[in-house]
Amino acid sequence: MARSGLADAARVARWADTELGPGRGSATADGKATLSAATAERAAHELGLTPDQVRADWDTARLAGLVEVHGDSARPGWRLRAWDRDDSAVLRGWVALFDAWSLACPEPRDHEPAAVAEVVSAMPQVLSFLQLSAGPVPVEQLLDLLEQRVTELRTARCEIPYEPQAEPAPTDAPLAPLLDWALRALASVGALTYGDGQATLTPLGSWAVWVKLEQICVAAQSPAGNIEQAAEDMLRGCAQLRPNAARAEYRAWLAARTVGSAVAELLAAARGEDALLRGLAFEALRVVGAPAEPDVRAVLDEPTLRPYALLWLAEHDGTDPEDAHEVLTREEATWLWVDTAAAVADHGEAPLLVRHLESAVQPTVPMLLDEVRAVGHPRTVQVLVALAAAHPDPALAKAVRRAAFQVHTGGS
């Protein structure tokens with residue numbers, strides 16, 4: 001249903017991607033990435049549509065994230081790139097359109113902006129009622145619910161007068177026209193059907209409302225209570241949790257934030273000095289999934305994050321996690337080995353550090369030590385000293401201590 005509902009928008013977005021790339025002329029004319037009249041005419045001619053249809057599909061593409069606006073220009077969004085191979089990208093695109101329903105249809109004129117804002121704020125409760133009803137609901141019943149919710153919003157802002165008033169307050173305008181606008185707008189994005197004095201959620205609309213309710217419940221039941229913490233503190237709180245419990249905590253933390261801010265915060269935590277947080281941050285980014293791809297790809301040039309980002313991208317593209325390490329060069333794998341060893345040395349127990357030797361790509365300890373020294377990780381000395389102290393083999397421990405000394409002094 002989501003693919004079908006967004007098919008026209010995806011078609012126009014693909015046409016723009018092909019025909020309006022760098023050096024092929026401007027798509028926009030108003031500094032807001034709105035299609036110019038000439039571009040709309042050209043697209044209409046080539047796609048067999050009217051210019052108005054093209055502009056409507058372009059607006060839908062922007063709201064669904066198939067087209068991303070940057071300043072006064074537009075470019076294909078990650079959802080368009082992932083459209084054919086990633087069902088979650090399609091569903092997220094439709095949910096983005098659903099979230100922007102109030103922009104899909106022009107709001108009615110001659111209504112106070114405050115009243116419009118109140119209706120927009122109250123509609124999630126109306127939609128929840130529709131979802132729970134699981135069938136057609138008379139508009140009169142929805143109007144009663146809307147009026148109750150708007151009254152609650154005004155009461156919360158202390159806008160209900162204590163004294164009786166002969167004249168209604170300016171915001172006491174009839175809500176029926178605004179409810180009609182909201183239901184028509186939601187119908188236009190495919191969330192519900194509206195006619196004959198009643199409204200019914202579509203299966204897609206019912207699913208979207210259910211997902212929203214689930215996110216609220218997950219956020220309200222943060223298992224370990226880290227939902228309000230900054231990313232770094234949240235990750236530290238998850239360090240001692242089992243993998244499934246940690247993933248539940250990541251989901252709760254993510255549900256309370258926008259995707260963009262959450263990804264930025266996780267990457268900032270990954271850039272810190274604590275190697276354990278670096279690994280945990282990318283585990284949390286695995287829970288984010290496809291929306292994190294552009295930001296993860298953008299850190300490939302950062303040596304500290306590159307091995308983690310390469311593994312994340314390989315798994316995101318469908319590589320088996322057990323085989324994902326094959327995308328790393330020998331140097332990148334060695335750097336990651338040292339970084340992981342630093343996390344174990346700082347937060348784990350000595351036997352774990354000894355066992356970590358077995359995960360090295362080098363077949364012998366002397367080869368490992370040579371390549372560890374060459375890779376230049378800032379924690380190399382501390383890792384080697386900790387490994388020497390933990391290893392039960394005196395001869396191997398001595399060789400590791402010698403390597404640590406040589407790295408520390410810059411000798412060979």
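This passage walks through the overall make-up of a predicted model, two pairs of packed helices, two residues of one helix, and a set of salt bridges.

The chain folds into 21 helices and five strands. It has 412 residues, and 42% of them count as buried. Contacts across the sequence are a helpful place to begin. Among contacts between residues at least 6 apart in sequence, 64% join residues at least 24 apart.

The helix pairs come next. Two packed helices are described by the angle between their axes and the distance between the axes. For helix H13 (residues 259-270) and helix H14 (residues 275-288), the axes come within 8 Å and cross at roughly 160°. Angles over 145 degrees count as roughly antiparallel, and H13 is therefore roughly antiparallel to H14. The crossing of H13 past H14 is left-handed. On the H13 side, the contact is made by Val259, Val263, Leu266, Leu267, Ala269 and Ala270. The partners on H14 are Leu277, Arg278, Ala281, Phe282, Ala284, Leu285 and Val288. Sorted by class, the residues of this contact comprise twelve nonpolar, no polar and one charged.

A second pair is formed by helix H17 (residues 330-347) and helix H20 (residues 380-390), whose axes come within 9 Å and cross at roughly 60°. This angle makes H17 oblique to H20. H17, too, passes its partner H20 in a left-handed crossing. From H17, the residues Trp337, Val338, Ala341, Ala342 and Ala345 reach Thr380, Val383, Ala386 and Leu387 of H20. The classes here are eight nonpolar, one polar and no charged.

Two residues of H17 repay a second look. Alanine 345 sits in this helix and is one of the residues that meet H20. Is alanine 345 buried or partly exposed? Its relative accessible area is 32%, so alanine 345 is partly exposed. Leaving aside residues up to four places away in sequence, alanine 345 touches Leu353 and Ala386. The C-alpha atoms of alanine 345 and valine 385 are separated by 9.7 Å, although these residues are 40 apart along the chain.

Aspartate 339 is also found in helix H17. What does its accessibility say about aspartate 339? The value is 0%, so aspartate 339 counts as buried. With residues up to four places away in sequence again set aside, aspartate 339 touches Ala275, Arg278, Tyr308 and His377. Arg278 links this part of the account to the earlier pair, since Arg278 is among the H14 residues in contact with H13.

Charged side chains complete the picture. Side chains of opposite charge can pair when their charged atoms come close. Across the whole structure, a search finds 21 salt bridges, and three of these pairs are described here.

The side chains of arginine 306 and glutamate 332 form a salt bridge, with 2.6 Å from N to O. Arginine 306 belongs to helix H16 (residues 306-316) and glutamate 332 to helix H17, so the pair ties together parts that are 26 residues apart in sequence. Arginine 306 has 29% relative accessibility and counts as partly exposed, whereas glutamate 332, at 13%, is buried.

Near the start of the chain, glutamate 19 and arginine 42 meet through their side chains in a salt bridge of 3.0 Å, again from N to O. Distant parts of the chain are linked by this pair: glutamate 19 lies in helix H1 (residues 2-19) and arginine 42 in helix H2 (residues 37-47), 23 residues apart. Both count as partly exposed, with relative accessibility of 24% for glutamate 19 and 33% for arginine 42. Which residues make up the network of salt bridges that includes Glu19? Glu19, Arg42 and Glu46 are linked in it.

The pair of arginine 373 and aspartate 370 has a salt bridge of 3.8 Å, N to O. Both residues lie in helix H19 (residues 365-375), three residues apart, which is about one turn of the helix. At 28% relative accessibility, arginine 373 counts as partly exposed, and aspartate 370, at 48%, is also partly exposed.

Definitions and conventions
Residues are numbered from 1 along each chain as its sequence is written. This is a predicted model: local features need pLDDT of at least 70, side-chain atom pairs count only at pLDDT 80 or more; totals for chains, interfaces and linings use all residues. Side-chain values use heavy atoms; hydrogens and water are left out. Axes are lines fitted to C-alpha atoms, for helices over the stretch in contact, and angles run from 0 to 180 degrees between N-to-C directions. Helices (H or I, at least four residues) and strands (E, at least two) are DSSP runs, numbered from the N terminus. Angles under 35 degrees count as roughly parallel, over 145 as roughly antiparallel, 65 to 115 as roughly perpendicular and the rest as oblique. A crossing is left-handed if the near helix is turned anticlockwise from the far one by less than a right angle, and right-handed if clockwise. Contact means heavy atoms within 4.5 Å. Ala, Val, Leu, Ile, Met, Phe, Trp, Tyr, Cys and Pro count as nonpolar, Asp, Glu, Lys and Arg as charged, and the others, Gly among them, as polar. A salt bridge is a side-chain nitrogen of Lys or Arg within 4 Å of a carboxyl oxygen of Asp or Glu. Buried means under 20% relative accessible area, exposed over 50%, partly exposed in between (1.4 Å probe, protein chains only).
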